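Trainee: I would like a close look at a single part of this model. Please take one residue as the starting point and work outwards from there.

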Amino acid sequence: MDLEKRPARQQTPEARATPEARLTPTAQGSAEGQRAREPQRAPEGCLVAVIRIPVRIVVLVLVLPVRMAWDALVVGGRLLTDTVLRPAGRALLWVGRAVLVWPCVALWRYVVVPVTRLLGWLGYRLLVVPAVWAYRYMLTPVGHAIAWVVAGLRAGCGWVARGLLAGLLWLYRWTVVPVGLSIAWLVRCLVVVPAGWLYRYVLTPVGHAIAWVATGVVWLVRMIFTGLWTGVYWTLRVLLVLPALALWRWILVPVGRLLAVVGREVGEALGHAWRVAGRISLAVGRFLANLFRWILVEPTRWVYRTVLTPAGHFVRDTVWKPVAAAGRAVDRVTRQALTTARETVRQARAGVRSALFGQPTEPKSVPRREPRAAEARTLGSSTTALTKD
């Protein structure tokens with residue numbers, strides 16, 4: 001009746017919208033981007049479905065022992081690492097430090113560094129200081145004198161060179177230039193002009209004729225080789241290229257696609273079988289762990305908790321505590337007896353000493369020369385020199 005009295009929930013347009021429509025624009029954009037980034041797989045045919053299931057079954061049967069052996073090796077390796085290798089490595093590291101690092105550090109700190117500092121100080125005193133003194137008081141004055149002599153020689157050489165340069169310039173202007181101009185005029189008249197006439201009216205026509213003949217020969221050779229190449233090209237195309245293209249298009253490509261599908265399915269089957277074998281191996285490992293716990297650990301814990309612990313408490317309360325209390329009492333009595341014997345021996349030794357040498361003289365008391373403590377100030381007293389009583 002209560003259910004019939006309840007009003008039907010009115011759904012708003014936002015509530016009637018799909019979950020994708022209720023997403024925020026940012027979430028919709030991220031979801032669309034993720035779907036766009038996912039690789040679009042081509043539709044699979046019946047051949048892929050027929051190949052997939054048997055391949056996955058066979059691969060699972062083959063991979064499961066390998067995965068279980070791998071998980072067992074991993075667990076054994078971790079146990080070996082935690083119980084043997086890591087402590088051994090730490091021990092070897094400590095031994096290596098104690099045998100190699102610490103002696104080297106001590107050698108460096110207490111031998112090499114002091115010896116190096118001593119050698120540096122000796123080198124500074126025996127080499128650097130004499131070298132600086134020689135440079136400052138011997139080499140510097142000698143260098144200044146040599147520089148002054150070189151400057152004088154350079155000034156004299158410059159003056160001589162300027163005089164020689166002026167003489168050579170005068171000789172070039174009034175001797176070499178006129179002779180050169182006359183020789184150039186003769187060369188132009190006797191060589192250049194006849195050579196230009198010979199090139200223009202003899203060599204140029206002959207060269208044009210030779211070029212025309214060479215062009216014709218080249219065209220003829222090109223035509224011959226073009227015909228030969230065309231024949232060889234079509235012969236090779238008909239005899240080799242077209243059969244190879246047909247073989248590639250109608251035989252190799254389908255076989256390659258089939259092998260690609262089989263390889264892809266085998267790879268996916270290996271991954272799927274490895275994951276399934278991991279889950280099976282995990283379940284087997286948990287079963288073995290629980291079996292080991294219920295067969296060995298829980299009985300051992302029950303025996304320790306219900307048998308060994310009460311027995312240990314009984315032994316502690318009935319045997320160990322009384323024995324410990326008796327031992328403490330014996331220790332206390334023994335210490336008291338030793339203290340009494342030691343005091344008796346000390347008194348007997350003092351009595352023998354006083355009987356043989358008499359009583360020792362007591363030291364006289366000497367008045368103390370320390371300042372007295374300051375007295376408390378009252379209304380009738382003063383600490384000044386004028387009002388002091």
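Which residues does Ala269 touch, not counting residues up to four places away in sequence?

Mentor: This is a predicted model, and what follows should be read as a description of that prediction. With residues up to four places away in sequence not counted, Ala269 touches Val55, Arg56 and Val59. Two of these partners, Val55 and Val59, also belong with Ala269 to the largest nonpolar core. That core has six residues, and Val63, Ala273 and Ala277 complete the list.

Ala277 leads on to Arg67. Leaving aside neighbours within four places in sequence, Arg67 is in contact with Ala277, and also with Trp274, Arg275, Gly278 and Ser281. Arg67 has a relative accessible area of 16%, and it counts as buried because that value is under the 20% cut-off. For the protein as a whole, 4% of the 389 residues count as buried. Arg67 is placed in helix H5, which covers residues 46–357.

Ser281, one of the contacts of Arg67, is also part of the lining of the second largest pocket. Lining this pocket along with Ser281 are Met68, Asp71, Ala72 and Val75, together with Leu282, Val284, Gly285, Arg286 and Leu288. By class, the lining has six nonpolar, two polar and two charged residues. The volume of this pocket is about 170 Å³.

The UniProt record, an unreviewed entry, gives some context for these positions. It places the feature "transmembrane region" at several spans, including residues 45–70 and 272–296. Other spans with that feature in the record include residues 90–111 and 232–252. In the model, residues 90–111 are 100% helix and 0% strand, with the end C-alpha atoms 29 Å apart. Residues 232–252 are likewise 100% helix and 0% strand, and their end C-alpha atoms lie 27 Å apart.

At the level of the protein, there are five helices and zero strands, and the pattern along the sequence reads α-α-α-α-α. Among contacts between residues at least 6 apart in sequence, 73% join residues at least 24 apart. The contact of Ala269 with Val55 and that of Arg67 with Ser281 are two local cases to inspect in the structure.

Methods. Residues numbered from 1 in each chain as written. Predicted model: local features only at pLDDT ≥ 70, side-chain atom pairs only at ≥ 80, totals over all residues. Heavy atoms only, no water. Core = buried A, V, L, I, M, F, W, Y, C linked by side-chain atoms within 4.5 Å. Buried < 20%, exposed > 50% of the residue type's maximum accessible area, 1.4 Å probe, protein only. Contact = heavy atoms within 4.5 Å. 1 Å grid on protein atoms, 1.4 Å probe; cavity = no way out; pocket = protein on both sides within 12 Å on 5 of 7 lines; lining within 4 Å. Points joined across faces, edges and corners; volume = space filled by probe spheres on them. Nonpolar A, V, L, I, M, F, W, Y, C, P; charged D, E, K, R; others polar. UniProt positions renumbered as here; feature names shortened; annotations may be inferred. Helix = DSSP H or I, 4+ residues; strand = E, 2+ residues; numbered from the N terminus.
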